[in-house]
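Hi everyone, thanks for coming. Today I'd like to walk you through one protein structure, step by step. Please have the picture open while I talk.

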Amino acid sequence: VAFAQEIVAAGQQVVVEEKLVGEEFSLMTFCDGTHFVHMPPVQDHKRAYVGDTGPNTGGMGSYSAPDLLPFMTAADLEAAKKINEHMATALKQHAGDGSVFKGVLYGAFMCTKTGVGCIEFNARLGDPEALNVLALLTSDFLAILEAIASGTLSQDLVTFSPKATVVKYLCPFGYPNDPQKGQPIDISGVQNPAGLFLGAVDMVEGKLVETGSRTCAVVSTGASISEAQAACEQEVRRVKGSLFHRPDIGTDKVIAERVARQRGVRRIRVGVVGSTRGSSLQPILYAIHDGEINAEICVVVSNIKASYILQRARVNNLKAVHIPGKGRAREDFDRDVTAALAAERVDLVLLVGFMRIVSGEFCRRWHGRMINVHPSLLPKHANLMDLQVHQSVLDAGDTETGCTVHQVIEEVDGGATVVQLKVAVEKDDTAETLKAKVQALEGQGLISAIKMLEDSGTLPGDEEEGNKRQKREAS
């Protein structure tokens, strides 16, 4: 920061880049300036050596799946499509003379904790990603290019086979920094010549030799990534010469590692604040244990030292924090709670049986990321507690009741609804039986809210994060 300040003080400019953490993928799009047809997403492998080690390269291989890449969500793919389309629109606006971009838009993206971020853009097919997608193309490539040129591109002109692909490059030893050159290679043993693509090669005295860069690539397809990988690896080994490749590309082990790494990036860090038994916390703990949700409880805070919710935290080996609240100003107590939550870098705050009214300052600090569960179908029977709520349901003659997971704002029970779960009111129900029915739903309601945050990166009522996401996709 100090160096940047020196540069600015000298009248120069500083470029600030956002660090993106997550799994990278490529999305290429046919574009005629107005219409878009997106190709299957692909993941490249930049590092030269096994295990994603060694120097960066132009790409040692890549893979695609029959549908989504294993680590990504449907929302990730839709976000990347929108960014590609926004780029074409921006190019048209920037030209100012009615000119439009026609060709292939190639965006490199990263699945971050908060959504999809864009790393770079190219106006061409990717290498090696083009080998993956063109191996799946079942329609006439020339007809697609003609439609792009004439501005008549449409989805029905472009079809891809719903298969997986794996591409692996063979390179001369020493690549990329100090590659050997001129060594002969033998491709006579290759069984599927249509899947072999020559790169940096030459013919010298009637012999095929490598010239120092990526020598050749093999692409194979299959019903699954595993099947395509096995076929590709067999074929790569039939190419002879002083070459190396990455046998780990597309393997089940590497795919599993990347899925696990992405789950770690997107794991929801949850902080719980409560005063009572914390019954709704237990289903969440089970859901985490069973892999139903990608979350972790980072800290449980209570204003009551002997509360069952703190005991529940301790027996589950969770960090338990007691913050005395009696006789303290609401704002002072809430600041200590905020400090405990912020120290654990929580993404979401759950109020579970918390028997205090939170301050406006606390609501603003955790706006859009603090939820509570109320034992009624809000806005009905708001501002009531415990058995009062259920008796109110009976007095009103309601035929159904349930719980509402909602954002916490300064207005009690006034935040946006995140999840509602319902249950029927039977003729013989009492306030006590309704309470039991609704309590059985509350844990699942909170689990559903966590899933929603995991899948979309935001929750209803989080306007700030929603606006950030829209700006990121449009910029």
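**A walk through the model**

Let me start with a single residue: Arg-261 is partly exposed, because its relative accessible area is 42%, and buried would mean under 20% while exposed would mean over 50%. You can find Arg-261 in helix α6, which covers residues 252-266. Now look for Lys-240 as well. Arg-261 and Lys-240 are 21 residues apart in sequence, and their C-alpha atoms are 35 Å apart in space.

Before we go further, please keep in mind that this is a predicted model. Zooming out, the protein has 13 helices and 23 strands. Its C-alpha atoms fill a box of roughly 95 × 55 × 45 Å, taken along the principal axes. Of the 475 residues, 48% are buried.

Next, let's talk about charges. Side chains of opposite charge can pair when their charged atoms come close. How many salt bridges does a search of the whole structure find? The search finds 25, and I'd like to show you a few of them.

The pair to begin with is Lys-81 and Glu-78, whose closest N and O atoms are 3.5 Å apart. Both sit in helix α2, residues 74-95, and because they are three residues apart there, about one helical turn separates them. Glu-78 counts as partly exposed, since its relative accessibility is 41%.

Now for a pair that lies in two loops. Glu-344 forms a salt bridge with Lys-319, with 2.8 Å between the closest N and O atoms. Where are these two residues? Glu-344 is in the loop between α9 (330-343) and β20 (348-352), while Lys-319 is in the loop between α8 (308-315) and β19 (320-322), so this salt bridge ties together parts that are 25 residues apart in sequence. Is Glu-344 buried or exposed? Glu-344 counts as buried, because its relative accessibility is 16%. Lys-319, on the other hand, is partly exposed, with a relative accessible area of 42%.

Let's move along to Asp-429 and Lys-437. Their side chains meet in a salt bridge, at 2.8 Å from N to O. Asp-429 is buried, with a relative accessible area of 11%, whereas Lys-437 is partly exposed at 25%.

Salt bridges can also be found here as a network: Asp-52, Arg-246, Asp-248 and Arg-258 are linked in that way. Try picking out those four residues on your own screen.

Lys-437 also gives us a lead into the helices, as its number falls within helix α12, residues 431-456. The axis of α12 comes within 8 Å of the axis of helix α7, residues 281-289, and the two cross at roughly 50°. That angle is why α7 counts as oblique to α12. The crossing of these two helices is right-handed.

My last stop is on the surface. Which residues form a nonpolar patch there? They are Leu-134, Phe-141, Leu-142 and Leu-145, and together they have about 320 Å² of accessible area. Helix α4, residues 141-150, gives the most to this patch, with three residues. Leu-134 lies in helix α3, residues 129-136. With a relative accessibility of 33%, Leu-134 counts as partly exposed.

That's the end of the tour, and I'm happy to take questions.

Methods. Residues numbered from 1 in each chain as written. Predicted model: local features only at pLDDT ≥ 70, side-chain atom pairs only at ≥ 80, totals over all residues. Heavy atoms only, no water. Patch = residues over 30% accessible without salt bridge, like charges linked within 9 Å, V, L, I, M, F, W, Y side chains within 5 Å. Areas by Shrake-Rupley, 256 points an atom, 1.4 Å probe, with all protein chains shown as cover. Salt bridge = Lys/Arg side-chain N within 4 Å of Asp/Glu carboxyl O. Helix = DSSP H or I, 4+ residues; strand = E, 2+ residues; numbered from the N terminus. Buried < 20%, exposed > 50% of the residue type's maximum accessible area, 1.4 Å probe, protein only. Axes fitted to C-alpha atoms, helices over the stretch in contact; angles between N-to-C directions. Parallel < 35°, antiparallel > 145°, perpendicular 65-115°, else oblique. Left-handed = near helix turned anticlockwise from the far one by under 90°.
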